[in-house]
Amino acid sequence: MRMSDNPSIRYQITPSSRPGFTRYSRLHEDHARNRTVLLAPERAYELDPISLEVLQNIDGATTINNLCQRLAEKFTAPLEIITRDVIQLLQGLSDKRLLQEGLNPLTKKTVSGNKQNDAGYLPGPTGLLAELTHRCPLQCPYCSNPLELERVTSEMSAAEWAETFRQAASIGALQLHLSGGEPTARRDLEEILGHAVEAGLYTNLITSAVLLSKDQLSRLANIGLDHIQISIQDVVEENSDLISGYKGALEKKYAVARWARELGIGLTINAPIHRKNIMNLEKIIEFAVEVDAQRIEIAHIQYYAWAQKNRAALIPTKEIFLETVNIVEAAKQRLIGVLNFDFVIHDYYASRPKKCTGGWGQSIIVVTPSGTALPCHAAQTLPGLTFDNVKDQPLSKIWETSSAFNAYRGLEWMKEPCRSCDRRELDYGGCRCQAYAFSQDPAATDPACALSSDHTTFAALAEHEAYAPAPAFIYRRYDALSKNKN
Ligand code: SF4
Ligand code: FES
């Protein structure tokens with residue numbers, strides 16, 4: 001595989017530029033919150049009135065000069081100041097790879113809208129993670145699926161997913177992540193995607209890519225797929241095979257990434273990193289540039305489910321973790337306007353935790369293949385929670401009243417030191433699933449926090465395991481696999 005030339009250059013906005021949206025970014029009427037947002041891969045940007053005015057007027061044909069003259073007249077403001085501000089706004093979006101010169105023939109309609117909020121409940125979730133199936137041809141030892149995988153016979157039908165999407169959009173969901181397992185193992189994926197597009201959701205396919213053909217991807221693009229997130233186990237073939245437990249995955253990922261870009265679909269490379277691939281981080285970043293991804297997610301492993309079983313095989317030393325911070329920081333500077341980075345640092349070497357899944361019950365709903373609604377993908381590991389099913393209850397009711405969604409929502413449930421900490425509304429005490437996995441108390445402070453009484457033991461465990469010889473992987477297997485695609 002060729003890993004050399006950089007195919008992308010930064011798109012500089014100048015007074016003579018004629019910017020337009022890419023196929024995977026657009027304005028969206030968010031009726032549930034009575035606002036217009038800019039939808040983009042994994043994001044919904046809030047817009048102030050001036051930014052909205054600018055973005056409503058970029059069409060790939062109008063020059064910045066002409067646009068600014070119109071705005072200067074309309075707002076009776078100095079042209080130089082308007083021009084400076086408009087270029088600054090658009091350069092920021094260009095650097096996120098959301099704009100391009102001229103009109104993309106593949107650009108979808110620029111304004112879409114979900115249905116009016118028929119639930120009368122605000123604020124609803126902004127994202128829905130739909131685990132369409134737990135079937136998967138790969139066997140990654142850090143899979144976030146539960147240890148007890150749901151069987152094909154319990155999977156929701158396309159019609160049941162359609163109703164879930166409609167309800168999610170009606171309470172304010174903007175982004176839909178079609179995930180698994182491997183979502184392309186579903187034969188009715190195109191029908192499911194069609195329902196998502198009809199509901200007005202921004203669609204993101206999270207895939208290992210190994211089951212996709214060019215024709216199928218092309219059909220998905222025609223239906224309206226906005227974005228694809230391709231997971232990478234490694235860019236060294238032998239290692240990719242070892243980590244995924246699947247031979248030949250890398251070449252397929254490379255091909256699918258290229259097809260996606262030819263079709264104008266937004267592309268993120270998702271690279272979980274750990275002691276077995278961390279030495280190739282620079283090459284993984286090069287890979288993302290070479291396939292013209294707009295984003296890369298470089299995530300140190302979170303140790304729940306299968307990853308917890310494999311922690312000793314996956315955990316890197318603190319020195320190596322710190323090197324990854326330097327590599328990512330240097331690459332961010334080098335690749336401004338070419339590649340955007342989301343970097344998830346290693347919890348065991350952190351001093352403060354992350355706000356897990358945007359805060360419990362605050363921004364996303366996860367729905368399992370059989371329809372169980374969860375506040376986060378690992379919530380079923382926690383004791384004492386009862387989960388509702390979207391086939392039995394309206395999503396709005398689950399979001400608002402379900403005991404599981406309310407268990408750790410807000411601040412009331414917190415203990416010290418979180419309860420009186422000035423960061424409590426920034427990180428909400430970190431991850432409940434990690435707190436329970438390590439401290440056997442789901443309301444404990446996340447041990448990633450240096451203020452947790454368990455933090456020293458937590459960090460020491462990492463040091464101990466990272467320096468010991470790595471054990472063999474315990475693979476995540478789905479035996480029935482996609483021999484029986486449904
Ligand atoms: Fe966050 Fe709790 Fe740590 Fe404060 S004590 S930083 S709220 S986890
Ligand atoms: Fe469940 Fe973090 S994964 S709260």
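Start at Tyr428, which is buried, with 27 other C-beta atoms within 10 Å. This is a predicted model. Look at the backbone here: phi of Tyr428 is near 50°, a positive value in a residue other than glycine. Tyr428 sits in the loop between α15 and α16 (432-439).

**Stop 2: a cis proline**

Select Glu416 and Pro417. The peptide bond joining Glu416 to Pro417 is cis, with omega near 5°. Pro417 belongs to the loop between α14 (403-407) and α15 (424-427).

**Stop 3: the sheet**

Now show the strands. Nine of them make an open sheet in the order β13-β12-β11-β10-β9-β8-β7-β14-β15, and the pairing is mixed. β13 (340-344) and β15 are the edge strands, each pairing on one side only.

Go to the β15 end. β14 and β15 (residues 373-374) are antiparallel, with two bridges. They form a hairpin with five residues between them. Find Gly371 in the turn; its phi is positive, about 105°.

Select Val366 in β14. Its bridge partner in β15 is Leu374. On the β7 side, Val366 is the bridge partner of Leu129. β7 (residues 127-131) and β14 run parallel over four bridges.

Which residues of β14 lie on each side, and are they buried or exposed? Ile364 and Val366 are on one side, Ile365 and Val367 are on the other, and all are buried. In a regular strand, side chains alternate between the two faces of the sheet.

Move along to β9 (residues 202-207). β9 and β10 pair in the parallel sense over four bridges. Ile206 stands opposite Gln229 in β10.

Next, pick β12 (residues 295-300). Five of its six residues are buried. β12 pairs with β11 in the parallel sense, over six bridges. Ile273 stands opposite His300 in β12.

**Stop 4: helix α8**

Select residues 249-262. This is α8, a helix of 14 residues. From first C-alpha to last, α8 reaches 20 Å, close to the 20 Å expected at 1.5 Å a residue. α8 lies across β10 and β11, and it runs at about 165° to β10. A second helix to show here is α9 (residues 281-290), which packs on the sheet and touches β11 and β12. The direction of α9 makes about 170° with that of β11.

Which residues of α8 are buried? They are Ala249, Leu250, Lys253, Tyr254, Val256, Ala257, Trp259 and Ala260. The buried residues of α8 pack against α6 (214-223), β10 (227-231), α7 (237-244) and β11 (266-273). Step just past α8 to Gly264, where phi is positive at about 80°.

**Stop 5: the loop after α9**

Click on Asp292, in the loop between α9 and β12. Asp292 is not a glycine, yet its phi is positive, about 65°. Asp292 is partly exposed, with 18 other C-beta atoms within 10 Å.

**Stop 6: α5 and α6**

Select α5 (residues 189-198) with α6. Their axes come within 9 Å and cross at roughly 20°. That angle makes α5 roughly parallel to α6. The crossing is right-handed. Show side chains for Glu190, Leu193, Gly194 and Val197 in α5; they meet Arg219, Leu220 and Ile223 in α6.

Stay in α5 for Leu189. Why does Leu189 count as buried? Because it has 25 C-beta neighbours inside 10 Å, and 20 or more make a residue buried. Beyond its neighbours within four places in sequence, Leu189 is in contact with Pro183 and Thr184. For a sense of scale, measure from Leu189 to Ala468: the two are 279 residues apart in sequence and 43 Å apart in space, C-alpha to C-alpha.

Then step back to Gly181, in the loop between β8 (175-179) and α5. The peptide bond from Gly180 to Gly181 is cis, with omega near 5°.

**Last stop: α2 and α3**

Select α2 (residues 64-75) and α3 (residues 79-95). They pack at an angle of about 125°, with axes 9 Å apart. α2 and α3 are therefore oblique to each other. Their crossing is right-handed. To see the contact, show Ile64, Leu67, Cys68, Gln69, Leu71 and Ala72 in α2. Facing them in α3, these residues meet Leu79, Ile82, Thr83, Val86 and Ile87.

Technical notes:
Residues numbered from 1 in each chain as written. Chains lettered and ligands numbered in written order. Predicted model: local features only at pLDDT ≥ 70, side-chain atom pairs only at ≥ 80, totals over all residues. Expected span 1.5 Å × (residues − 1). Buried ≥ 20, exposed ≤ 12 C-beta atoms within 10 Å, placed from the backbone. Contact = placed C-beta atoms within 7 Å. Pairing = 2+ DSSP bridges. Axes fitted to C-alpha atoms, helices over the stretch in contact; angles between N-to-C directions. Parallel < 35°, antiparallel > 145°, perpendicular 65-115°, else oblique. Left-handed = near helix turned anticlockwise from the far one by under 90°.
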